[in-house]
Amino acid sequence: MNSLLQGLSACPSFIKWLEEFTAQYKTDQNQSTEHQYLSLTLLHLLRALSCQEVTEDDVLDASCLLEVLRMYRWQISSFEEQDAHELFHVLTSSLEDERERQPRVTHLFDVHSLEQPEITQKQISCRTRGSLPPMSNHWKSQHPFHGRLTSNMVCKHCEHQSPVRYDTFDSLSLSIPAAMWGRPMTLDHCLHHFISSESVKDVVCDNCTKIQAEGTLHGQSIENQRTTFVKQLKLGKLPQCLCIHLQRLSWSNQGTPLKRHEHVQFNEFLIMDIYKYHIPVHKSSQNDLNQKNPEETTSETKDGTAVKPSDAEQPCSTKSLFMNGACSPSFLMTSGTFPLTAFPECSSPVYLYRLMAVVVHHGDMHSGHFVTYRRSPPSPKNPLSISNQWLWISDDTVRKASLQEVLSSSAYLLFYERVHSRVQHQSLELRAEE
């Protein structure tokens with residue numbers, strides 16, 4: 001619990017969301033309100049750990065978090081071995097339950113904003129040209145770790161694509177693939193393994209069944225045509241705060257649990273553009289767009305579907321310049337800087353993340369201890385700044401650490417926060433002026 005709270009307190013966006021979310025409770029004059037809501041309890045602890053709130057005692061007692069979780073019907077013993085990743089999901093799911101208590105109405109335009117998270121209210125038009133009701137606050141009040149996965153299914157026989165399915169996630173749980181001899185394991189290897197396509201056999205294809213029915217004489221019964229589909233995961237909505245969980249549990253041939261201790265290389269900055277799902281554009285529509293603006297180019301996916309990224313989500317071709325977890329020595333710059341000048345103005349990374357905290361587990365699968373590397377809290381004079389000083393924290397023991405020590409650790413949980421590039425800042429300024 002201590003290690004997880006230290007990691008969350010290093011994420012300013014999460015604290016800001018808690019402040020905005022708990023504003024609804026300020027009108028409650030009851031002194032016991034804080035002990036009733038998880039969001040208020042978390043906000044108090046995280047603000048204290050980020051030096052935004054002065055505590056009366058030198059020692060911060062976090063037992064209040066266990067008490068409020070028990071009110072949410074979680075039975076967590078203080079005397080048993082617990083997992084930091086499981087506790088993270090306990091917190092996020094409990095915050096979701098607290099948010100669900102509010103009366104809400106799901107908006108039909110939620111799907112539109114889901115597929116294009118950068119879209120604003122002014123950019124959404126109504127086909128009937130009537131007045132557009134305002135977007136409900138329900139969608140906007142999602143916690144910053146909330147993201148969505150897309151599941152894409154394509155028939156191998158007729159190449160028919162099933163409707164894209166969306167699933168929510170609070171953290172990306174990545175398995176560590178088998179290491180290749182002589183090659184270091186990187187975070188990119190884990191991410192590519194996570195989204196790699198897989199074949200799903202014996203799936204009913206409605207399109208193949210329809211084609212079969214069209215070529216069959218009337219009166220004959222048609223069986224559902226079963227074919228093999230190719231399934232691939234992508235990230236449909238990337239969150240503001242990204243939690244990456246590296247699965248270090250494996251099983252021996254005898255069925256006993258084992259811990260994987262190998263080092264997975266990761267960087268201070270993380271580029272997620274190539275893992276982002278982009279909405280396919282039909283070829284007929286794409287031809288019209290190319291005639292209107294021939295300078296804009298298209299790309300193709302593996303199945304040949306034309307893809308036209310929007311200006312706000314133009315993916316950068318960073319594969320040759322930057323590999324997550326395996327950057328060249330020229331990119332190992334001073335802490336807190338990112339070589340955006342290495343990218344052309346038109347292809348700066350859109351989904352760029354900065355490392356904020358790392359949780360490390362020492363021990364085996366049955367017992368051990370969690371410690372946290374995190375950025376030092378910002379100075380009170382400049383609370384919006386991001387500190388370049390790293391700290392190593394083990395319960396109440398704190399010491400300074402170097403970035404190289406952080407990047408050399410065997411990470412269990414990685415906490416990243418999204419940062420905006422120059423192009424995005426210019427785009428946001430233009431929207432503000434409009």
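A salt bridge is a side-chain nitrogen of Lys or Arg within 4 Å of a carboxyl oxygen of Asp or Glu. The exercises below use a predicted model, where local features need pLDDT of at least 70, side-chain atom pairs count only at pLDDT 80 or more, and totals for chains, interfaces and linings use all residues. Residues are numbered from 1 along each chain as its sequence is written, and side-chain values use heavy atoms, with hydrogens and water left out.

**Exercise 1. Salt bridges**

Task: Find the salt-bridge partner of R226, and say where both residues sit.

Solution:
- Step 1. Start with the count: the rule gives 7 salt bridges.
- Step 2. One of them joins the side chains of R226 and D202, at 3.9 Å from N to O.
- Step 3. Place the two residues: R226 is in strand 6 and D202 in strand 5 (residues 198-204), 24 residues apart, so the pair links distant parts of the chain. Strands here are DSSP runs of E, at least two residues long, and helices are runs of H or I, at least four, all numbered from the N terminus.
- Step 4. Check the cover on D202. Its relative accessible area is 51%, so D202 is exposed. The classes are buried (under 20%), exposed (over 50%) and partly exposed (in between), with a 1.4 Å probe and protein chains only.

**Exercise 2. Two further pairs**

Task: Are E268 and R375 buried or exposed? Then do the same for E405 and R399.

Solution:
- Step 1. E268 forms a salt bridge with R375, and their closest N and O atoms are 2.8 Å apart.
- Step 2. E268 lies in the loop between strand 10 (264-265) and strand 11 (269-271), while R375 belongs to strand 15 (residues 368-375). The two are 107 residues apart.
- Step 3. Both E268 and R375 are buried.
- Step 4. E405 and R399 also meet in a salt bridge, at 2.8 Å from N to O.
- Step 5. E405 is partly exposed at 24% relative accessible area. R399 is partly exposed too, at 36%.

**Exercise 3. Strand 1**

Task: Which strands pair with strand 1, and how well is strand 1 covered?

Solution:
- Step 1. Two strands pair if DSSP finds at least two bridges between them.
- Step 2. Strand 1 (residues 147-155) pairs with strand 2 (residues 165-169) in the antiparallel sense, over 5 bridges. Here R148 has T168 as its bridge partner.
- Step 3. Strand 1 also pairs with strand 6 (residues 226-237), again antiparallel, over 8 bridges. Here T150 is matched with K234.
- Step 4. In a regular strand, side chains alternate between the two faces of the sheet.
- Step 5. List the faces of strand 1: G147, L149, S151, M153 and C155 on one side, R148, T150, N152 and V154 on the other. Both faces are covered, and 9 of the 9 residues are buried.

**Exercise 4. Surface patches**

Task: Which residues form the negative patch, and which the nonpolar patch?

Solution:
- Step 1. Patch residues have over 30% relative accessible area and no salt bridge; like charges are joined within 9 Å, and nonpolar side chains (Val, Leu, Ile, Met, Phe, Trp, Tyr) within 5 Å.
- Step 2. Asp and Glu count as negative. D57, D58, D61 and E67 form the negative patch.
- Step 3. D58 sits in the loop between helix 3 (38-49) and helix 4 (63-71). At 84% relative accessibility, D58 is exposed.
- Step 4. L249, W251 and M365 make a nonpolar patch of about 320 Å². Areas come from the Shrake-Rupley method with a 1.4 Å probe.
- Step 5. W251 is in strand 8 (residues 249-251), and is exposed at 56%.

Note on methods:
Charge placed at Lys NZ, Arg CZ, Asp CG, Glu CD.
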